[in-house]
Amino acid sequence: MNTVERAIDRLRQEWGARLFIPAHYYQDSAILRHADATGDSLELSRRTAAQRGAEKIVFCGVRFMAETADILKVPGQSVYMPDPAAGCPMADMATDSQAEACAKRLAPVWKGDWLPVVYVNSSAAIKAFCGRRGGSACTSSNAVRVFKWVLDSGKRILFLPDEHLGVNAAHDLGLPDSQVAVYDPLKPEGGLTDKALAGAKIVVWKGYCHVHRAFTAEHVLHARARHPAARVIVHPEAPKDVVRMCDFHGSTTQLIDYVRQAPDGSEIAIGTENHLVQRLAEEHAGRLSIHPLFPSTCPDMARTTPETLLAVLETWPAANRVQVSPELAAEARLCLARMLTL
Ligand code: SF4
């Protein structure tokens, strides 16, 4: 154990149950060893919200996750990030003013018959946009269920900010491509004609996770040629053509479960963030043969280091605190609460 690890362990002991450290699956093992809970963004939100006795929460992940923890916190708790600059480029691809402009674009064609659905990988402002319009949040594991809830109510869907998760969930639901349109916030009118909007049941926002969009059809073909016995599995933030070529697609937790349940001797190529793929390969070494579909990493997730974690635990800098305004938090909480009832 090195001096930084020892110092973190000492501070964690001093704080005891008054400190809670959640860490996302995509964090490095050097961080995960200090975590009180490891999971995907939703699991961590749930686990964090259950820590009523914790005074300080230090979220090892990216900003939208820490914001969600702040939205769900109870009075007296405060949320920090080891590196407040750890953002999510995909979450940043949808701003509140762009979402409001999109709502205006939909209004003359869709009238009032639509609801927003937002991926939890979005800013607090986008969750608030969704909450005040009666929509729901979703995750990569329940997107299909949430889409079905809206469509069954006779309404259409604006999904943001990930085009690929939206397109893949619509496909899983059996919707033809002709009923899915892509809204580009950087184009006039979103790049959509009234006719295209009128024919769409789901409009997906043109945003993407660069980590998962990096996977290509060529990667899948290459993996199959190199490892003919391997199953190829991928996260649904990957483009649809890639997802359709794979043997399985699912959320981070579902991918982990797939690996855990694989029979001994299986070979698996995995298309998700590389820290997780490498850790799964280590955890199952000798039992399974695991390869990255392509070694794609998230630099924002990698901003959290043992050194930045230690620094926040030692000095609690105000600049590292994540605070969502009470007004935004109240609206954002609505769409998270709605998701949990579905
Ligand atoms: S992996 Fe993708 S969705 Fe997650 S934080 Fe990085 S860019 Fe954002």
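**Backbone outliers, ligand shell and cysteines**

Trp-316 sits in the loop that runs between helix H15 (306-315) and strand E15 (321-322). The model is a predicted one, and in it Trp-316, although not a glycine, takes a positive phi of about 45°. With a relative accessible area of 16%, Trp-316 is buried, since the cut-off for that label is under 20%.

Another residue with a positive phi is Lys-111, where the angle is near 55° and the residue is, again, something other than glycine. Lys-111 belongs to the loop between helix H5 (96-110) and strand E6 (114-119). Is Lys-111 buried or exposed? The relative accessible area of Lys-111 is 55%, and because exposed means over 50%, Lys-111 gets that label.

The backbone also has a cis peptide bond, the one joining Leu-160 to Pro-161, with omega at about 5°. Pro-161 itself is part of the loop between strand E8 (156-160) and helix H8 (163-172). Helix H8 also holds Ala-170, which at 1% relative accessibility counts as buried. Measuring from C-alpha to C-alpha, Ala-170 and Gly-190 are 20 Å apart in space, with their positions 20 residues apart in sequence. On the way from H8 to strand E9 (180-183), the loop includes Asp-177. Asp-177 counts as exposed, at 53% relative accessibility.

Asp-177 also offers a link to the ligand. In sequence, Asp-177 and Asn-121 are 56 residues apart, and in space their C-alpha atoms are 24 Å apart. Asn-121 is one of the residues around the ligand, and the others are Tyr-26, Val-62, Cys-88, Pro-89, Met-90, Cys-209, His-210, Val-211 and Cys-298. As for character, the shell splits into 8 nonpolar residues and 2 polar ones, with no charged residue in the set. Where does the ligand sit? The space that the ligand takes up is the largest cavity.

Several cysteines turn up in that shell, including Cys-88, Cys-209 and Cys-298. How many disulfides does the model have? The count comes to 0. A disulfide is a covalent bond between the sulfur atoms of two cysteines, and here a pair counts when the sulfur atoms are within 2.5 Å. Cys-246 shows how such a pairing fails: the closest cysteine sulfur belongs to Cys-209 and is 15 Å away, which is too far for a bond. Cys-246 is nonetheless buried, at 11% relative accessibility. Cys-298, from the ligand shell, counts as buried too, with a value of 10%.

Helix H11 (residues 217-226) has two faces. Its buried residues include Ala-217, His-219, Val-220 and Ala-223. These four lie on the same side of H11, because the arc they cover around the axis is only 160°. The other side of H11 carries exposed residues, namely Glu-218, Leu-221, Ala-225 and Arg-226.

Further along the chain, Ala-230 is in the loop between H11 and strand E11 (231-234). Ala-230 is buried, its relative accessible area being 5%. Between Ala-230 and Ala-54 there are 44 Å in space, C-alpha to C-alpha, and the pair is 176 residues apart in sequence.

What about Thr-252 and Tyr-25, which are 227 residues apart in sequence? Their C-alpha atoms are 8.0 Å apart in space. Thr-252 lies in helix H13 (residues 252-261), and at 4% relative accessibility Thr-252 counts as buried.

How values were computed:
Residues are numbered from 1 along each chain as its sequence is written. This is a predicted model: local features need pLDDT of at least 70, side-chain atom pairs count only at pLDDT 80 or more; totals for chains, interfaces and linings use all residues. Side-chain values use heavy atoms; hydrogens and water are left out. A residue is near a molecule or strand if one of its heavy atoms lies within 4 Å of it. On a 1 Å grid over the protein atoms alone, a cavity is a set of points where a 1.4 Å probe fits but cannot get out, and a pocket is an open set with protein on both sides within 12 Å along at least five of seven lines; lining residues have an atom within 4 Å of a point. A molecule sits in a cavity or pocket if more than half of its atoms lie within 2 Å of its grid points. Ala, Val, Leu, Ile, Met, Phe, Trp, Tyr, Cys and Pro count as nonpolar, Asp, Glu, Lys and Arg as charged, and the others, Gly among them, as polar. Buried means under 20% relative accessible area, exposed over 50%, partly exposed in between (1.4 Å probe, protein chains only). Helices (H or I, at least four residues) and strands (E, at least two) are DSSP runs, numbered from the N terminus. The arc is that of the directions from the helix axis to the C-beta atoms.
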